[in-house]
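Work through the exercises below with the sequence and the structure side by side, and try each task before reading its solution.

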Amino acid sequence: MTSRNSFYNLMIQDFKQRLWSFALSCVFFFFVFPVNISFVSSILEKDSTNREWYVGEMLHYFLEMVGNDNKLLTFFMIALAVVIALNGFGYLHHKQQVDFFHSLPISRSRWFIVKYMTGVLILAVPYLFFSLIASALVTLFTGTYSLLDNTFYGFFHQMLMVLLCYNAAILAVTLTGTMIMSIFGTLFFFGYIPFVAVLNIGYKSTYFNTYVGTEDLIEKILRYTSPFALALTSGSSMVIKQNLLTDYSIASVMAAGFAVLAYLVFKYRHSESAGKAISVEWMKTPLKILIVIPSGLLFALLLSTIMNNIFWTVFGLLCGILISHCVIEIIYHADFKKLFANIVHLALSFIVALAVLLIYNYDLFGYDTYRAKLSDIRSIGVHIPSLEYDISLYDGSPYSYDDDSWSYETTSDMIS
């Protein structure tokens with residue numbers, strides 16, 4: 001006799017409570033795969049001049065549709081995964097539901113795994129089912145039978161990258177106590193480090209005369225600091241000399257890390273956290289400071305770009321710090337009277353942000369005055385803006401710009 005609290009029965013019960021998200025997933029993948037491929041087939045049949053052309057175009061479209069470079073599919077799958085994560089763990093935001101579920105004779109560990117696996121299956125089963133139907137349709141239309149390898153590889157790639165974002169969204173839900181904060185938390189995990197890095201680039205471009213921006217940092221490093229960025233760039237033709245094995249390894253480690261952290265937070269989370277902005281009390285202060293300082297620096301950079309005056313730059317810094325700090329305190333306490341709660345944190349954030357601003361403004365670390373020793377120089381480049389418009393010469397590899405009047409393979413060719 002099977003226990004009512006067996007893993008299988010718990011998943012069935014959880015699935016019944018989440019039927020609408022399963023229906024949404026089915027509808028999405030139904031239109032993405034079978035409907036899409038049938039629609040394209042009808043268009044190509046109408047425009048085809050011969051059978052060989054039709055078969056070639058159909059196969060090309062199908063391989064692009066299920067391939068690892070279909071970033072539009074990745075984007076919408078990430079959005080769907082976030083919705084599924086919020087739907088599955090959103091009960092943590094409601095005290096009555098938390099009291100009910102956590103009063104059941106089920107360990108939190110098992111309940112987490114049930115919720116997690118149900119969400120994965122809601123996403124994976126419709127994807128695999130409808131992609132196989134699309135593969136069968138292409139086989140029927142073209143007579144080509146060797147499509148399953150591409151279908152399963154695309155499934156593996158997309159699911160790995162989407163699970164990375166799914167796990168990050170679950171961690172955000174467990175760390176917060178309201179739906180809106182869960183969404184903000186997910187966006188924080190998706191974009192905080194890239195935002196800070198781009199802000200750093202903005203400051204360097206504004207204050208350092210010798211700074212020359214390149215895309216190497218974003219392509220080789222920053223994509224690995226954001227689950228969203230890694231998911232959207234992995235397998236993309238836009239990424240130069242990308243090592244897919246490295247991407248998959250890092251994505252797997254990151255996904256496992258997010259899942260373990262989400263499990264630990266879920267297991268030890270207090271039931272009283274429902275309805276609060278942040279479920280882990282000690283995280284409030286560091287999280288607030290991490291948000292307030294870059295916000296102030298962003299305001300300062302915007303006013304510096306407009307006014308080019310240190311007074312207005314500092315004024316922008318102060319406004320950014322003050323506004324962001326007050327907004328966060330209101331969110332934390334759900335009370336407008338707490339605008340200036342924790343004034344020490346406000347002062348500390350302003351001092352740190354001001355120090356960062358002064359470092360850039362007065363080049364206190366000597367970025368512009370630095371001169372490398374001759375023995376340390378490995379290579380050099382020539383920066384001539386008037387000649388380099390729309391031509392990238394800094395990635396260290398030959399670049400060809402196809403045009404009737406322009407064709408340069410290296411910087412030296414361009415100068416000569």
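A residue counts as buried when its relative accessible area is under 20%. The model used here is a predicted one.

**Exercise 1.** Describe the chain as a whole: how many helices and strands are there, and what share of the residues counts as buried?

*Solution.* Begin with the secondary structure, where the chain shows 15 helices and zero strands. Next apply the definition of burial to the 416 residues, of which 42% count as buried. Finally, turn to contacts between residues at least 6 apart in sequence, where 74% join residues at least 24 apart.

**Exercise 2.** Decide whether Ser135 is buried or exposed, and find which residues it contacts beyond its neighbours within four places in sequence.

*Solution.* First locate Ser135, which lies in helix α6, residues 108-142. Its relative accessible area is 4%, and because the cut-off for burial is under 20%, Ser135 is buried. Then set aside the neighbours within four places in sequence, and the contacts of Ser135 are Phe62, Leu147, Leu148 and Thr151.

**Exercise 3.** Check the span of helix α13, and then examine its ends and its packing.

*Solution.* Helix α13 covers residues 310-333, and at 1.5 Å a residue its 24 residues should span 34 Å, which agrees with the 34 Å between its end C-alpha atoms. At the N-terminal end, Asn309 caps α13, with a side-chain oxygen 2.7 Å from the backbone nitrogen of Phe311. Just after α13, Ala334 takes a positive phi of about 55°. Between these ends, the buried residues of α13 include Thr313, Leu317 and Tyr332, and the buried residues of this helix pack against α8, α12 and α14.

Note on methods. Residues numbered from 1 in each chain as written. Predicted model: local features only at pLDDT ≥ 70, side-chain atom pairs only at ≥ 80, totals over all residues. Heavy atoms only, no water. Helix = DSSP H or I, 4+ residues; strand = E, 2+ residues; numbered from the N terminus. Expected span 1.5 Å × (residues − 1). Buried < 20%, exposed > 50% of the residue type's maximum accessible area, 1.4 Å probe, protein only. Contact = heavy atoms within 4.5 Å. Polar contact = N/O pair within 3.5 Å; in protein donor to acceptor, adjacent residues only side chain to side chain.
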